[in-house]
Amino acid sequence: MKTRISISIVLMTCLALAGCGSGDSGAGKSGSGDSASASTGSGDKGAAKSSERMAFPKDKATATIKGKVVFDGDPPKVAKVRIQGDAYCEGAHSTPPDDESLLVSADKSIKNVFVYVKKGVDKYEFPTPSEPVVLNQVGCAYVPHIMGIMAGQKFNVMSSDATTHNVHFVGKSNREFNHTQKEGQKDVEEFAREEVMARIKCDIHSWMGAYVGVLYHPFYSVTGDQGMFSLGKLPPGEYEIEAWHEKLKTKTQKVTVGDGETKEITFTFGK
Amino acid sequence: MSTAVGTAEHVEAHHEEHHELGFIRKYIFSTDHKIIGIQFLFTGLLMFVLGGALALGIRWQLAWPYDLPFGNLFPESVAKAATVGGNTVYTMGGEFYTMLVTMHGSVMIFFVIIPLLTGAFGNFLIPLQIGARDMAFPVLNMLSYWLVWPALVLMITGFFVDGGHAAAGWTAYPVLSEAQTAYGTEVPTPGSTMGQTLWCASVFFLGFASIMGAVNYVTTIIKMRAPGMTMFRMPLSTWALFITAILVVFGTPVLASALFMLMVDRVLGGTFFRPAQGGQPLLWQHVFWFYSHPAVYIMILPGMGFVSDILSTFARKPIFGYKPMVYSICAIAGLGFIVWGHHMFQSGMNPALGMTFMVSTMMIALPSAIKTFNWLGTLWRSNMILTPAMQNALAFVSMFVIGGLSGIFMASTPVDIYIHDTYFIVGHIHYVLFGGSMFAIFGAIYYWFPKMFGKMMNSKLGTLHTVLSFIFFNCTFFTMHILGVAGHPRRIAIGWDKVNNIGYEFLKDVQPLNEFMTWSALGLAATQFIFAFNLVISLIAGKKAGNNPWKANTLEWETTSPAPHGNFGPTIPTVYRGPYEYAHPDAGDEDYLPQARNLGKA
Amino acid sequence: MRSSTRRIRSISGGLWSLAALGGGVPAHAQGMGWTLPENISTFGGEIDHLFYLISWITGLTLVATFAVLGYSILKFRHKPGVKAQHIHGSHKVEIIWTLVPAGILLFLALYQTKTWARIKMDIPASPDNVTVQVFAKQFEWNFRLPGTDGQFGTEDDIYTINDLHIPRDRNVVLEMRSYDVIHSLFMPHLRYKQDIMPGMTIRGWFQSTKSTEQARTERGNPDFKYEIACTELCGLGHHEMRAKVTIDSPSDFDAWVAKESAAAADFAPPELWENWGRAGGILEIHDLEGHGGSHDDHE
C-alpha cells in the first residue's frame, strides 16, 4: 500500500514536470540552426487578429505615397569606421569605410531611413512573398544595412567573407537567434511578429550592425543616396506613415490619398 | 527469527517477502537493493554510451575543424556547408560545439560516474558485504532509482528544445548560464533559453536521488551490520561507500541551493548572480565548487574501495595497512571540503585565498599517496592472478598515480596561472575520472558480475577489452598534457585550422596531436563494444558461477550467485575476522580464509 | 649469480632505461614544439622554474611507483601451492611514507607563495608604468590606452580591438572589466592569465622582455605575433576571441602613442566604452530599459 502511494507520487510528479518542461519547446532538431519560428501568439499589439482581416483589394490599390527625407541644418560630417582586430576585415578595406549610422549627403538628404505604413492597412490580409530577403556579409559589413521583411517571409542570412562572423539577432518581440557563419554558409530564419526595428549584430566584429523591420504588410521602403522613398499601390484612404532612423529616431505623418492620387511628403529630421 | 538488528520498516519488509511478488514488483518497482543496483548499472552504462558519443563529437571537430569527415550525413544544426575555394566543406558552429562540451561533462558526471559508483555498486554491495538482508529503507531506495528517470527525461528533452541544450559548460558559470527565458532580453548563448533551465531541473532531481541513496547507506552501515562485523572488519569497499555517502549528504544540498539560485535568477528574475542588481557571479563559483569538489571525491573514493578489495583478492594477500587505508579515506573526505577554492585561483577572488587553498590542496595529495603506497605494499610479495578485474585494478592504480601527480601542478598557484583552463586540466580530469573511476567500474563489473547474475564473464574478452582500453586511453589522454603545456585552451572549437590558416598560431605545432587523439578516442570507443558484447553474451550464455568463483573472503561470497531475495538464506552469517585474511597460516592448504568461517578457536 | 643480485640489476637496469627515456623524451618534445612556449615575461622565469621543479619531483615519483608496480606484476605471479606473504602492514613504513611526502608537499606549497604574491597580489609602482583598460566582450577584446594626456575618458584615448599594443621593458598595468559574461585573458608567452568577472574591475600587471620586432627577426618570420586567447567559456564565439599583443620598444611605443592620440579625434570611440563603469554591462542596460527580469513578452 505504502509502495503504491509512493509510486503514484513519483508518476504525478513526472506528469507535472512534463507539463512545465515542454511548454516552450519548439519542434526543431537539436542545436540552434532551426528555421522554425517561435510559437504563435498575440504579441501584435494593435493589429487586428488574422481571422478578422480581409483580402487586400488589389483592384482598388491605385494611390501612391512617396517623398524624401531631409536633414534640417548643416549636414554633419560623415564619420569613419575603424576596422581592426581581424586580418581579413582589415585587408578588405584600403581606407576606413563610412559609418552607415548617419549618412547625410551634401543636399541634406538622409540615407538608410526606414519609411513604412504604420496605420491604415491593418484590416487587410497579405500573402507571404515566396522570395526571401537576403542579408549578406561582405567586407565585414552587413549588406543591406537597413531592410524590411514581412512576418513569415524567409530571411536568408549568408556570408561571403573568408572569416568567421556570427549573425546575432536581438529582438523584443521575435525570437533571438545567433549563428556562426563561415564563407558560403547560409542560414534561413523567419520572423513571427511585427517589430520595428530590431538589431542584428556580429559579436566578433563590433562595428558591424544592421536593422530589420518586420511588418505584416509590404508597404515599406528604405531611402537610398537621394533620400527618396516610395510606398506604392495603396487603396484610397487615410494612412499614418512613419520614418525611422537609427540615430535620429522617428517622425510620423498622416496622409490621405484619393483614388489614383500620388502624394509627395517630406520628413524633416533635426539635429 | 531473524537475528539482524534493524528498523521497524526493515522488519515489515521482511514480512512482505513471504508474499509472492509479480514481475513488476520483482524487477521494475523493486525494493530489493540488488535489483535497484542492477537498474542503476544498466542506466549508467546506457548513459555512458551517450556521454561517449558526445565526446566523439568533440574530438571530431577538434581534429578536422576545416572539414568534418562525413559532415554531409548530419543535419544543418550539427555541420553546416560552407564554400572554401570553390569546394563545399562541412564545419561545426560554436553553437553546437559548446553544447557538446557541456553535455559530455554533464552526462558523464551526473548520469554515469556517480550513478554507477554510488547507485549501482553502493546499492548492490553494502547489505551483502555487511551481512544485512536489505537496506534500512527499501522503499526510499526504490524511489531514489526512479527519481533518476524524471531527471533523465528532463535532460534528454533539453536536446530537442528551441535553442538547443545548455551550452555554458558543465560548470554552468553565470553570467553565461544566467540569461532569462523571456524574449526581448539579450541571451548570452544559444541553449540559454529552455536548455539551461531543463539542465538545472534535471541535476536538481538527481541530487535528491543521490541524497536519498546516501541516507540509506549511512543508516544501513551504522545500524545493520551482522554479528561480529565491527566497523574495522568491514571491507574497504563498504568503508569507501560509507564515507562517500557522508560526502553526498553534506555536499549535495549545497549544489541544490546553487541550482535553485540559478533557477530563481533565470525564471523569476532573481539577482543572485547579476552584478547590476548587486549580485555576484563569483558567488555561484563558491557555492558550486563547494559541492563539486567533494563530488570529485564522491567519484573516486568508491573506486578506491573496490580496487582495494579486488587487489587483495587477486594478490591473495591482505591489504597492506588496513587502518591507514580507512583513515586516508576519511582524510580525503574531510580535506575535500576545504579545497574548493583551487578551482578559482584565477577567478578574481581575493588572491590571498590562493595561498590558503594551495596549502590545503597540496595536503590532500597526501592521503591519496598513502593509499597508493599501501596498494603497492599489497602487491609486493603477493601471489598475483591477473584476471580482468585485477587488470583493471592495476590500471586504476597506475592511472590514478598519473592523475594525482598532475594535480600537483594545478595545486601550485603560480603554475596554475599558466595551465588553468587549458588541456592540462582536461588531461588530469580524464586520468582520474576515466583512468581512475572508469577502470574501477570496469573492474567492479568483472569482479561482481558473477554475484549479480550468476554467470561468469568471458575472461579472454575481458583481458582484450582491458588491455586495448588501457592503450587507447593513454594515447588519448596523456597527449592532453602536452597540449596543455603548449597552452591549448579548453572548450575552444578550433585550435589551429591548417587548411584555412585560422586559429591560434601558437598551437600550430600541437594541432597534429588533436588528430592523433581523435583516432585514439575512436579506438577507445570501438573497444568498448568488446565489453558490451561480453556483457550481453555472458548474461545469455555465460558459464554458471558458483558461490565464490574468486575464492574471496568477504561476506557477499558466502551466499549463492546470484544472491537470493533476503541475501543470506535463513541465517545471517557471523563474522570472525577482518576481510583480507588471504595467505593465512591457519587456513591450511587454502590461501584464503573467509570472514564468516568459524575455525572453532576462541 | 644470486637471485637477489639479478633482481637488483634488473631493477636498476629498468630504472636507468626509464631515466634515459625520461630525459630523451622531453628533449625530443622540445624539438617538436611540444613544450612551454618561449617565455618573454619578467616573472615567467619563476613560473617555468616551478613547473620544471614539480615535473622532476612528480616524474621521479612516477618512475619509482611504476617501477615497483611493474616489478610486482612481473615477479610476484601466482604460483600454485605457494602462499603470499601474510603481512597486514608495517607501522614504520607507514610513518616514512606519510612524513616524507607530507614534507615535500608542504615545502612545495610554501616555496611558491612568494611568486604568487609577486604576480597576483602586488602591482609594482613605477612612473614608467603603462596602464591599459581591457574591456572583454563577446567575442572581441577591446583595449583603451589613455593617450598623451595620461587620462582615461578623454578625446585622445586610443582604442584598439584585438590588439594589445604595449611597450617592452616597462610594467603594463591592466584594468580589466567585462561587458557581459566571464572571460579570461590569457597570454601564453607572457605567462599571464586572469579571469575577468562581470561587475568587478580586476587589476593585474606584467612586463615583457622582448618586442614583436625582435621576435620576428629571431624566428625569421615577419608575420609572427604574440597571441591572446580567451580561457573561460564565454559563448558560441569563445574560440573566435583571439587577439594579438603588439610589443614595441619603449621609444617606438611612445611614438605610436603620440601619433594615435593625435588621430583619435577623427574616430568615434566604440560604443561599448560608454558602459565601462556600469556594474552589469550589457545585461544591466536591458534591465534599465525595462524589459528584463519578467515575462512581459511571454506569449
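Two residues are in contact if their C-beta atoms, placed from the backbone, lie within 7 Å. That cut-off applies to the contacts described here for this predicted model.

Start with chain C. Take its contacts between residues at least 6 apart in sequence: 69% of them join residues at least 24 apart. Chain C holds 7 helices and 10 strands. It has 299 residues, and 37% of these count as buried.

Next come the domains. Chain C splits into domain 1 (8-74 + 95-119) and domain 2 (129-288). Domain 1 is thus written as two segments, while domain 2 is given as one range. Where the two domains of chain C touch, domain 1 supplies 9 residues and domain 2 supplies 10 residues. What classes of residue make up the side of domain 1 of chain C that touches domain 2? On that side there are 4 nonpolar, 4 polar and 1 charged residues.

Now move outward to the contact with chain B. Here 92 residues of chain B meet 92 residues of chain C. On the chain B side, several helices each supply at least two residues: α4 (94-130), α9 (281-298), α11 (322-336), α12 (351-379), α13 (388-411), α14 (413-419) and α16 (459-486). Which of the elements gives the most to this side of chain B? It is α12(B), with 15 residues. By class, the residues of chain B that touch chain C comprise 57 nonpolar, 24 polar and 11 charged.

Technical notes. Residues are numbered from 1 along each chain as its sequence is written. Chains are lettered from A and ligands numbered from 1 in the order in which they are written. This is a predicted model: local features need pLDDT of at least 70, side-chain atom pairs count only at pLDDT 80 or more; totals for chains, interfaces and linings use all residues. Helices (H or I, at least four residues) and strands (E, at least two) are DSSP runs, numbered from the N terminus. Ala, Val, Leu, Ile, Met, Phe, Trp, Tyr, Cys and Pro count as nonpolar, Asp, Glu, Lys and Arg as charged, and the others, Gly among them, as polar. A residue is buried if 20 or more other C-beta atoms lie within 10 Å of its own, exposed if 12 or fewer, and partly exposed in between; C-beta atoms are placed from the backbone. Domain bounds come from an automatic or database domain assignment.
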